[in-house]
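Visitor: I would like to go through this model by way of a few questions. Where should we begin?

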Amino acid sequence: MIESLKKKVLSGGQITREEALLLNSGQDKQSLYAAAGEIRDKMVGRHFDTCSIINARSGRCSENCKWCAQSAVFKTNIEEYELVDEETCMKMARLNNEYGVDKFSFVTSGKALSDRNIARLCEYAVKIGKQSGLNLCASMGLLKKEQLQKLMDAGIRRYHCNLETSPRYFGELCSTHSVDDKIATIRAAQEIGMEICSGGIIGMGETMEDRIELALTIRDLGIKSIPINVLNPIPGTPLEHAAPLSDTEVLTTIAIFRFIHPDAYLRFAGGRMLIAHIETEAIAAGINAAIVGDLLTTVGSKVKEDMKKVKDLGFTI
């Protein structure tokens, strides 16, 4: 079954929800992981895409997403500030450019960044564009097309907006906005020519069926950069006591995402410290991208260490 579905994908076909569930229920996980890695190698090669992010606005978010330390609804004791200063932003951009990171992304808390702050970050983006070879991205909430156009005009070519989980399950985790709101922002960005980065978080109490539904929804949107976060339970949030996923669940999720997205960049993102012991296996099962550096409110991985690791595994950066 694994071999026949691999051949289907390599010949240009798409697996169905039912076929993805069959992959999950199979006992030979090692063959599943190997097949996913082969699909990645044949469909997109051995290039590893890297992105670094800056926490450009921290805390004070009005939304009630149960996983998030940034929400003002929960008491998580994170650092709060309205906007990162220009000097800090430029310094981080220069360092990442020197390390050879491909993309640099402005990430802000809140349902939607204000026009005033958008204008300020656009000024930063123009300066970074003039001083480096970094490709610029942004994750600034549920923006309107006019706001997204301002980002494009400043040189920001990719917009990030995670769907987080399946449309079915999302309402269990957040009631202040919906997956449809997120999709509206994604489509608005696509309409003006922006690339999209969108994935989700696994380990929030969802089922494998939910993860597959998430992957299929992302496929329907034509998205080719897909962060796969593993929940890092934050004290003070409703998910602080969430049970960790098994290694098999994590690796199987990655492999099934690769079968559904044969030519995409599947990206390590949040929660990497929780799966550090299986990162090599995860790469073998289909990962070919990562957010590198320190991640927002939790420690991520160091840029130099990431670069060395993926090169040692035979990837180009």
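Guide: A nonpolar core is a set of buried Ala, Val, Leu, Ile, Met, Phe, Trp, Tyr and Cys residues joined through side-chain atoms within 4.5 Å. Note also that this is a predicted model.

Visitor: How many residues does the largest nonpolar core have?
Guide: Phe106, Met140, Leu151, Tyr159 and Phe259 are the residues with the most contacts inside this core. Its largest share, 8 residues, comes from helix H10. The whole core has 96 residues.

Visitor: Which residues are included in the second, separate core?
Guide: This core is separate from the one just described and has 5 residues. Among them are Cys51, Ile53, Ala269 and Ile291.

Visitor: Which residues does Met140 touch, leaving out those up to four places away in sequence?
Guide: Met140 is among the residues with the most contacts inside the largest core. Three others from that group, Phe106, Leu151 and Tyr159, are among its partners. The rest of the list is Thr108, Lys111, Ala112, Leu113, Ile118 and Leu121.

Visitor: How far apart are the axes of H3 and H10, and at what angle do the helices pack?
Guide: Helix H3 covers residues 29-44, and H10 covers 247-260. Their crossing is left-handed. The axes are 9 Å apart, and the angle is about 40°.

Visitor: What is the contact of H3 with H10 made of, by class?
Guide: H3 contributes Lys29, Leu32, Tyr33, Ala35, Ala36, Ile39, Arg40 and Val44. H10 contributes Thr248, Leu251, Thr252, Ala255, Arg258 and Phe259. By class, that gives 9 nonpolar, 2 polar and 3 charged residues.

Visitor: Is His261 buried or exposed?
Guide: His261 lies in the loop between H10 and strand S8, which spans 265-268. Beyond four places in sequence, His261 touches Ala215, Ile218, Arg219, Ile223, Ile226 and Leu266. Its relative accessibility is 4%, and buried means under 20%, so His261 counts as buried.

Visitor: How many disulfides does a search of the whole structure find?
Guide: A disulfide is a covalent bond between the sulfur atoms of two cysteines. The cut-off for the sulfur pair is 2.5 Å. Cys61 is in no disulfide, with the nearest cysteine sulfur, that of Cys65, 6.3 Å away. Over the whole structure the search finds 0.

Visitor: Why is the sulfur of Cys122 not in a bond with the closest cysteine sulfur?
Guide: Cys122 counts as buried because its relative accessibility is 9%; Cys61 also counts as buried, at 9%. The closest cysteine sulfur to that of Cys122 is in Cys89, and it is too far for a bond, at 12 Å.

Note on methods. Residues are numbered from 1 along each chain as its sequence is written. This is a predicted model: local features need pLDDT of at least 70, side-chain atom pairs count only at pLDDT 80 or more; totals for chains, interfaces and linings use all residues. Side-chain values use heavy atoms; hydrogens and water are left out. Helices (H or I, at least four residues) and strands (E, at least two) are DSSP runs, numbered from the N terminus. Buried means under 20% relative accessible area, exposed over 50%, partly exposed in between (1.4 Å probe, protein chains only). Contact means heavy atoms within 4.5 Å. Axes are lines fitted to C-alpha atoms, for helices over the stretch in contact, and angles run from 0 to 180 degrees between N-to-C directions. A crossing is left-handed if the near helix is turned anticlockwise from the far one by less than a right angle, and right-handed if clockwise. Ala, Val, Leu, Ile, Met, Phe, Trp, Tyr, Cys and Pro count as nonpolar, Asp, Glu, Lys and Arg as charged, and the others, Gly among them, as polar.
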